[in-house]
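Open the model in your viewer and switch to a cartoon view. Follow the selections below in order.

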Amino acid sequence: MSRFDDESEAFEGAAQAGGGLSLSQQAIGARGAPYLDDLNPEQRAAVEALDGPVLMLAGAGTGKTKALTTRIAHLLNTGRARPNEILAVTFTNKAAREMKERVARLLGQTVEGMPWLGTFHAIGVKLLRRHAELVGLKSNFTILDTDDQIRLLKQLIQAENIDDKRWPARMLAGLIDGWKNRAWTPEKVPASEAGAYNHRGTEIYAAYQERLRALNAVDFGDLLLHVLTIFQTHADVLAQYRRWFRYILVDEYQDTNVAQYLWLRLLAQKHHNICCVGDDDQSIYGWRGAEVGNILRFEKDFPGATVVRLEQNYRSTPHILAAASGVIAGNEGRLGKTLWTDLAEGEKVRLIGHWDGEEEARWIGDELEALCQGSRGMAPMSLDDCAILVRASHQMRAFEDRFLTIGLPYRVIGGPRFYERLEIRDAMAYFRVAVSPDDDLAFERIVNTPKRGMGDKAMQTLQGIARRQGVPLLEAARIAVAHGELSGKAKGAMGLLVDQFDRWHALALGPLEPVAADADAVIEEDGAQAAGRGAAGISHIELAEQILEESGYTAMWQASKTPEAAGRLENLKELIKALENFDNLQGFLEHVALIMDNETETGEAKVSIMTLHAAKGLEFPAVFLPGWEDGLFPSQRSMDESGLKGVEEERRLAYVGITRAERLCTISFAANRRVYGQWQSALPSRFVDELPAEHVEVLTPPGLYGGGYGAAAPAATLDERVARADVYNSPGWKRMQSRAKARPTAQPSEARHIVIDAEAAPAFELGARVFHRKFGYGAVTGIEGDKLEIAFEKAGTKKIVAGFVVAAESADDVPF
Ligand code: ATP
Ligand code: MG
């Protein structure tokens, strides 16, 4: 089963209901086309050029989607097309829903039908169900999700005796997806790919396709590829759809891949009634095979196309627009577009550095509350007006936790919430059994993850014992092992697991004492980690790490050398980090249970949290862009894998992010992120340096830099602020500046750079009097890199990372 099945049903339903013309032409005559009055002349030209190819190539917020939607309304309104004669492709289901609603609003009545308005995948499912037999499938085919796909590939790999540690199934799945994106069926994979997957790639690809056919199944890539094959090999079917889809409209055209492009071109080639809109600067799916070249090729494929350029941005204030333009100017090989706006100047883009990710989440939470009260001279906003756009989904966790703590409603768009992710649920299941050994549901979830030879038969054995003796499954496993009721791998593995859970359980429930502040304790991190240390001398954080290590769960993902696995490992680290805010595992599990309980959708306003990728095409009055740190954004992986091309795609993502904002855009970064219990200092993103200074207001949270200026200080120019702030005379600042200068960027030299100190841990001299939140006042007795040896007045001598203390006179400002 997959998410597309539901959609497909919705489409079938729509098809049955629709088909007829719901708007009579007489009615249209009487009503006219008032919606045209809301358009500027260029948009109007694009809407009114109903026949022939139209390309709308324009920057963010210039009303491309608005024009596209109006064009649909106009096609219907003028009687050019009936709802079922329009093929309209959007990028997300959310966008498709919105488009339908907007058309209805423009026409002032509901539009029946529109069965062919949707995402490529949703439309692909629908077409394929109609013609499945032409590619050897039955119309009730199943759609495999990624996990099923991997499982199937694994079977094939095993049958071929290939070492799947060296040649993981996921790697092959990635290859096959890439080939499908390029519209390569097994026969069409070019010779240049022959070496792929140890020279076995194409052969196993063919076997995989055969196997799918035998199972009457398809994967996501097939939804397009099969339809394309049908169009290419059955002229009659293609002719039918060419007649049927009299008008074709495509939003976010810059992100189509080759298969999608060919598919559209085939359909449009006869009547040429195709309207594509896009923005080369917003092409952010190169990693999934999108080809921005499709846009450039349009005029060649459809000669005589009306090319409409839109330049007025209606969404964002001048400062926001200028900041976005400044950043994207760093990319080479752009088509280049002018953008202007006549909106009032508004607020500058705000930039703020935080101590760490938690502090960032705290600050954004406070800001959201302030915005809802009405701050900065603005009318009160609703949380629905606000969005937080992150680069990596693991960033979401800090926000979810903080918002839950302060009771701020939020929604996560376009992906599971942090605690719903597969690896997080697995890890939590381990913790749950460790805390409550009778939690059968959790036990069942992880008993065979990683593989312990606990197949269906072995599980039936355990369940039988559990039922007969009225004991939990873990207990049943103990009995089964003792009585020799398990065999092979399962026997040893269960014996070990039972022992492990016994030990973890004892550790999880150990009495908790605050850490003793004895004279020679060496603390190299914040005291929080030590807070949950139990009698056995192990904190709940260490225990959690141990559980994941000893159970083989972490190793399982480490062994899988795939992009997805890396993300899962990052999420696991993030989970460990989350534990720092709790005294023990139990408290943490309760907190998560609360989060899960908080899921039901109510009508109340909520701030949206989503990835930058999911935010394409959307707009919000207030946008927060956290985590602008090199390595996180631009993402290290993207830079490692694709070099400058990768950085450029990341930069387009930055452009997409900033241009989502209508009135207030706030960019932030943290000076420290904690990775596996280790603090790592982070440099602000190179994109921060690329923001044009005159459009940016630098905020500093009170206390972070030991004085200087705070968020509440009266506005001043950047230079004034720099001159006023003591921190900019610190060694850390100077070091940072020289590093920033040494760092290569693709930024043209005339742009003014803003450089913010990511390492603004205050510099202390020997003998300086300092304050630490937990240990109180003390004097610096030694300096070793960024660590200080401090003789505390009450807590003895300790080594502390410099950033965790402030000058004694700033004790009130201590932010952590
Ligand atoms: P993106 O590149 O981000 O997808 P877009 O070009 O599709 O942006 P739209 O979302 O269509 O832009 O429009 C941006 C905003 O500007 C919307 O709020 C829209 O209603 C408004 N808008 C578009 N055209 C006009 C116009 N002619 N007059 C007034 N407002 C307009
Ligand atoms: Mg749009």
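Select strand β2 (residues 86–90) and strand β6 (residues 247–250). The two pair in the parallel sense over 4 bridges. This is a predicted model.

**Along β2**

Show side chains on this pair. I86 stands opposite Y247 in β6. Go to L87: the bridge partner in β6 is I248.

Now add strand β3 (residues 117–119). β2 pairs with β3 too, again in the parallel sense, over 3 bridges. Click T90 and look across to β3, where T119 is the bridge partner.

Stay on β2 and check which way its side chains face. In a regular strand the side chains alternate between the two faces of the sheet. Here I86, A88 and T90 point one way. L87 and V89 point the other way. Are these residues buried or exposed? All of them are buried. For the strand, that is 5 of 5 residues, so β2 counts as mostly covered, with under 20% relative accessible area as the cut-off for buried.

**The whole sheet**

Zoom out and select every strand of the sheet. It is an open sheet of 6 strands with parallel pairing. Step across in the order β3-β2-β6-β7-β1-β8. Stop at the two ends: β3 and β8 (306–308) are the edge strands, and each pairs on one side only. Turn the view to look along the sheet. The twist averages 15° from one strand to the next.

**Helices on the sheet**

Add helix α4 (residues 64–77). α4 packs on the sheet and touches β1 (54–57), β2, β3, β6 and β7 (274–278). Compare its direction with that of β6: the angle is about 165°.

Next, add helix α6 (residues 120–131). α6 also packs on the sheet, touching β2, β3 and β6. Its direction makes about 110° with that of β3.

**From α6 to α12**

Keep α6 and bring in helix α12 (residues 235–244). How far apart are the axes of α6 and α12? They lie 13 Å apart, and the helices pack at an angle of about 135°. α6 and α12 are therefore oblique to each other. The crossing of α6 past α12 is right-handed.

Finish with the contact residues. On α6, select L127, R130 and H131. On α12, select V237, Q240, Y241 and W244. Colour them by type: this contact divides into 4 nonpolar, 2 polar and 1 charged.

Terms used. Residues numbered from 1 in each chain as written. Chains lettered and ligands numbered in written order. Predicted model: local features only at pLDDT ≥ 70, side-chain atom pairs only at ≥ 80, totals over all residues. Heavy atoms only, no water. Axes fitted to C-alpha atoms, helices over the stretch in contact; angles between N-to-C directions. Parallel < 35°, antiparallel > 145°, perpendicular 65-115°, else oblique. Left-handed = near helix turned anticlockwise from the far one by under 90°. Contact = heavy atoms within 4.5 Å. Nonpolar A, V, L, I, M, F, W, Y, C, P; charged D, E, K, R; others polar. Buried < 20%, exposed > 50% of the residue type's maximum accessible area, 1.4 Å probe, protein only. Pairing = 2+ DSSP bridges.
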